[in-house]
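Reader: Please take a close look at a single part of this model, and describe in connected prose how it is built and what it touches.

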Amino acid sequence: MTQSELFIQLLINGVTLGSYLALIALGYTMVYGIIELINFAHGDVYMLGFMISLTFLGFLGVRGTLGGWQLWVVIFGVMLVTMLCTGLINMTIDRIAYKPLRRAPRLAPLITAVGMSFMLENLGMIWKGPSQILYPDIFPAFDIPNGLFGLNTMVLFTTKDVFLMGVTIPLMVVLTLFIRRTKMGKAMRATAQDREAAALMGINVENVIRTTFFIGGALAGAAGMMVGLYLNTGRYLMGFDAGLLAFTSAVLGGIGNVTGAMLGGYVIGFLNAISDQYLSPEWTRAIVFTTLILVLVFKPSGLLGERTPEKS
Amino acid sequence: MALLELANIHTYYGNIHALKGISITVDKGEIVSLIGSNGAGKSTTLKTISGVLHPKEGTITLEGRRIDHAPAHEIVAMGICQAPEGRRIFPRLTTVENLEMGAFHRSDKAGVQEDMERVFGLFPRLKERRTQQGGTLSGGEQQMLAIGRALMSRPRILLLDEPSMGLSPVLVETIFQIIQDIHAQGTPILLVEQNALMALQVASRGYVLQTGRIVLHDTATHLAENEMVRKAYLGES
């Protein structure tokens with residue numbers, strides 16, 4: 001592989017990793033924006049998205065690569081159901097573990113969040129076992145540069161990469177439009193900026209919080225399924241790893257800021273790819289967290305964070 | 001039957017007994033002002049009416065209907081909206097978006113549009129700033145936005161908490177003129193003010209609140225002549 005091929009490969013890897021990290025990071029940042037809580041169980045909701053979609057594919061008896069209309073019906077059907085499930089699960093997590101503590105000191109729901117995370121991880125382990133699980137390779141991997149354009153290159157870029165981006169990026173666009181344009185989206189922003197004033201304007205704040213958890217969970221579920229289709233493997237602890245990176249992305253971008261979470265996801269994605277390529281994967285974690293620390297030292301609110309000091 | 005009636009309201013902040021048996025009425029067509037010094041319980045009274053706080057004792061009725069245990073967002077839908085102390089506009093929402101939030105519970109799009117034009121009629125400055133973020137507006141403009149936002153819910157009674165706070169004398173005049181305009185257009189107002197002089201000029205009746213109790217209740221003209229009021233709140237020695 002030549003240097004330029006390596007670089008192009010790195011860009012591709014960065015974008016694919018960044019795409020699903022961004023999708024998970026959105027859930028962290030949206031929940032934090034509204035109730036100032038780090039939902040540590042969020043990464044595990046992503047893991048459940050992987051497991052739930054795997055189970056539905058099992059029901060449908062899908063094992064190998066599909067084609068034609070079957071491919072799209074199965075993928076989007078299962079994805080919709082998965083997103084609905086993980087959205088409802090995330091809402092339930094809020095109902096059980098955070099809502100009773102809405103007026104408690106901030107440390108209390110943080111602890112229940114960690115507890116929820118452990119519970120979901122154990123649930124995943126009991127459900128699908130402790131070892132690495134295979135996910136059916138449904139989506140056909142067609143080598144685009146060589147097969148379509150007849151280039152003779154070592155760069156690996158397949159229809160799977162296109163598919164991953166083609167699902168995650170539109171989801172982010174739809175979310176952004178939802179938050180900017182719709183009445184509910186505006187109510188979410190209003191509630192994030194001043195919860196009491198939002199209630200005084202007739203906004204049902206609890207309803208806004210439920211919606212936020214639902215959307216975050218649905219996006220995490222979509223990410224879980226996409227990763228299954230893309231990497232074809234996963235494990236009950238996958239939510240911890242991805243969650244840590246996605247949470248880092250959210251903080252790097254400025255927690256509470258939706259655009260920041262997406263930007264952070266891609267920055268972390270690229271950092272990962274660069275470090276994997278030019279250093280070694282063992283160093284990647286160190287590089288990612290060093291960058292996070294450096295950014296926070298010089299700009300504590302994160303890249304796009306504009307949070308003013310907390311109101312009293 | 002009074003439009004809004006508070007009867008023997010007791011409200012607590014944890015263990016602190018903030019309101020100790022308050023009774024207030026506001027009738028249709030009135031501006032009623034609630035005056036008192038810092039910490040007397042004026043804002044607590046409005047928060048209790050709005051459902052942010054709930055009374056431990058006593059009843060609040062809107063046209064005879066009990067509202068004291070309804071959540072804040074339902075109270076807005078029933079017809080009570082307030083421009084809270086410190087304005088509390090949404091700093092990273094535009095002027096128009098802030099106004100839309102005031103109309104959150106409404107689904108009559110045409111009516112909302114009509115009311116937005118009405119608010120822009122009352123506050124032409126807001127129209128000029130319609131796409132600007134709330135946080136970038138000046139203090140006076142923010143107060144106008146807070147009042148306009150509350151009007152967007154088409155309230156049957158409007159609560160105003162310290163609308164003159166932190167504004168220059170000229171702006172205070174403007175705001176009070178607009179308060180009278182809103183009243184003339186048919187919306188009753190419960191006005192909380194530290195600026196007792198201005199408040200008693202526009203109000204028909206007034207209540208004086210001291211450490212969680214109503215100590216005086218009279219017509220605004222009588223209150224303005226009352227010796228204790230003049231000493232304590234109108235700055236006369």
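**Chain B and its contacts**

Author: The C-alpha centres of domain 1 and domain 2 of chain B lie 24 Å apart. The model is a predicted one, in which local features need pLDDT of at least 70 and side-chain atom pairs count only at pLDDT 80 or more, while totals for chains, interfaces and linings use all residues. Residues are numbered from 1 along each chain as its sequence is written, and chains are lettered from A and ligands numbered from 1 in the order in which they are written.

Domain 1 of chain B comprises 1-77 + 158-166 + 186-237, and domain 2 comprises 80-154; such bounds come from an automatic or database domain assignment. Between them, 15 residues of domain 1 of chain B are in contact with 13 residues of domain 2 of chain B, contact meaning that the C-beta atoms of two residues, placed from the backbone, lie within 7 Å. On the domain 1 side, α1 (42-50), α2 (72-78) and β7 (157-161) of chain B supply at least two residues each. Helices (H or I, at least four residues) and strands (E, at least two) are DSSP runs, numbered from the N terminus. By class, this side of domain 1 of chain B, which touches domain 2 of chain B, has 10 nonpolar, three polar and two charged residues. Here Ala, Val, Leu, Ile, Met, Phe, Trp, Tyr, Cys and Pro count as nonpolar, Asp, Glu, Lys and Arg as charged, and the others, Gly among them, as polar.

As a whole, chain B contains 10 helices and 10 strands. The C-alpha atoms of chain B fill a box of roughly 45 × 40 × 35 Å, taken along the principal axes. The radius of gyration of chain B is 17 Å, which agrees with the value near 18 Å for a compact globule of 237 residues; the radius is taken over C-alpha atoms, and the globule rule is 2.2 Å times the number of residues to the power 0.38.

Chain B also meets chain A, in a contact that takes 21 residues from chain B and 14 residues from chain A. Within chain B, the elements giving two or more residues to the side that touches chain A are α2 and α3 (95-102). Helix α2 of chain B thus appears again, since it also supplies at least two residues of the domain 1 side that touches domain 2 of chain B. The side of chain B that touches chain A divides into 10 nonpolar, six polar and five charged residues.
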